[in-house]
Amino acid sequence: MSSRLDPASTPFFRLSIDTGTLGYFNTCEGLSAQVETEQRPEGGNNGFVWQFPTRVTFSNIRLTRPVTEDSAKVAQWISSIQTGMVRPTAAITALRADRSEIVTWSLLDVFPVRWEAPGFDPDGSSVALETLELAHHGFAD
């Protein structure tokens, strides 16, 4: 009998770019694409409208994690943009708790558009989280 991996386990995410890995993240939001359409009525047939795909748009991706040693890698990547932007390819890989891969999304021409560091409050009891927001030009084949 084959052992099946639990598809309902909570994944975490690894972010890699051309120059290496930027670490692991707890949440990943915004992996989506939308196909815009153009409508053309059928000539002589009032009951039918053709729909043609025109453009695919991609939303920004937001990754969140507790501050780690890898946080410095993100800051270095963002700082490198000031001297000239290179848009690397990236891969976001969903992982199970045992680090086995569930799925990988490859992204084209990725660059950071926002990074938010946590506020450090000694009276606070919450985990210090950082958020990285990425823009991209779509999924690689």
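Q: Two strands pair if DSSP finds at least two bridges between them. In this predicted model, over how many bridges do strand 6 and strand 10 pair?
A: The pairing cut-off is at least two bridges. Strand 6 covers residues 61-66, and strand 10 covers residues 129-135. The two strands pair in the antiparallel sense, and the number of bridges is six.

Q: Which residue is the bridge partner of Arg 62 in strand 10?
A: Arg 62 is also the bridge partner of Glu 29 in strand 6, and strand 3 (residues 27-29) pairs with strand 6 in the antiparallel sense over three bridges. Towards strand 10, the bridge partner of Arg 62 is Glu 133.

Q: Which residue of strand 10 stands opposite Arg 65?
A: The charged end of Arg 65 sits over the ring of Phe 25, 4.1 Å from the ring centre. In the pairing with strand 10, the residue opposite Arg 65 is Glu 130.

Q: Which strands are the edge strands of the open sheet with the order 3-6-10-9?
A: This open sheet holds four strands in the order 3-6-10-9, with antiparallel pairing. An edge strand here pairs on one side only, and the strands that do so are strand 3 and strand 9.

Q: What is the average twist from one strand to the next in the sheet 3-6-10-9?
A: The sheet runs in the order 3-6-10-9, and its edges are strand 3 and strand 9. From one strand to the next, the twist averages 20 degrees.

Q: Which residue shares a side-chain polar contact with Trp 115?
A: Trp 115 lies in strand 9 (residues 111-116). Setting aside residues up to four places away in sequence, Trp 115 touches Val 74, Ile 78, Glu 130, Thr 131 and Leu 132. A polar contact of 2.6 Å joins the side chain of Trp 115 to that of Glu 130.

Q: What distance separates the C-alpha atoms of Trp 115 and Arg 62?
A: Trp 115 is in strand 9. Along the chain, Trp 115 and Arg 62 are 53 residues apart. In space, their C-alpha atoms are separated by 9.4 Å.

Q: Is Trp 115 buried, partly exposed or exposed?
A: Buried means under 20% relative accessible area and exposed means over 50%. Trp 115 has a relative accessibility of 35%, so it counts as partly exposed.

Q: Which strands stand at the edges of the open sheet with the order 2-1-7-8?
A: The sheet has four strands in the order 2-1-7-8, with antiparallel pairing. An edge strand has a single partner strand, so one side is left without a neighbour in the sheet; the edge strands are strand 2 (20-25) and strand 8 (101-107).

Q: Which residue of strand 2 is the bridge partner of Ile 17?
A: Strand 1 (residues 12-17) pairs with strand 2 in the antiparallel sense over five bridges. Within that pairing, the bridge partner of Ile 17 is Gly 20.

Q: Is His 136 buried or exposed?
A: His 136 lies in the segment after strand 10. Apart from neighbours within four places in sequence, it is in contact with Phe 58, Ser 59, Ile 61, Leu 107, Leu 108, Asp 109 and Val 110. The buried class ends at 20% relative accessible area; His 136 has 9%, so it is buried.

Q: Which residue has the backbone nitrogen that the side chain of His 136 reaches?
A: A polar atom of the His 136 side chain lies 3.4 Å from the backbone oxygen of Ser 59. The His 136 side chain also reaches a backbone nitrogen at 3.0 Å, that of Gly 138.

Q: Which residues form one aromatic cluster?
A: The model has four aromatic pairs. Phe 48 and Trp 50 form an edge-to-face pair, 5.0 Å centre to centre with 85 degrees between the planes. Trp 50 and Phe 52 form a stacked pair, 6.2 Å centre to centre with 15 degrees between the planes. The cluster is made of Phe 48, Trp 50 and Phe 52.

Q: What is the relative accessible area of Trp 50?
A: Phe 48 is partly exposed at 35% relative accessibility, and Phe 52 is partly exposed at 39%. Trp 50 is partly exposed too, with a relative accessible area of 41%.

Q: At what distance from the ring centre of Tyr 24 does Arg 99 lie?
A: For a charge to sit over a ring, CZ of Arg must be within 6 Å of the ring centre. Arg 99 lies over the face of Tyr 24, and its distance from the ring centre is 4.7 Å.

Technical notes. Residues numbered from 1 in each chain as written. Predicted model: local features only at pLDDT ≥ 70, side-chain atom pairs only at ≥ 80, totals over all residues. Heavy atoms only, no water. Buried < 20%, exposed > 50% of the residue type's maximum accessible area, 1.4 Å probe, protein only. Polar contact = N/O pair within 3.5 Å; in protein donor to acceptor, adjacent residues only side chain to side chain. Contact = heavy atoms within 4.5 Å. Phe/Tyr/Trp six-rings, centres within 6.5 Å; stacked < 30°, edge-to-face > 60°. Lys NZ or Arg CZ within 6 Å of the ring centre and 35° of its normal. Axes fitted to C-alpha atoms, helices over the stretch in contact; angles between N-to-C directions.
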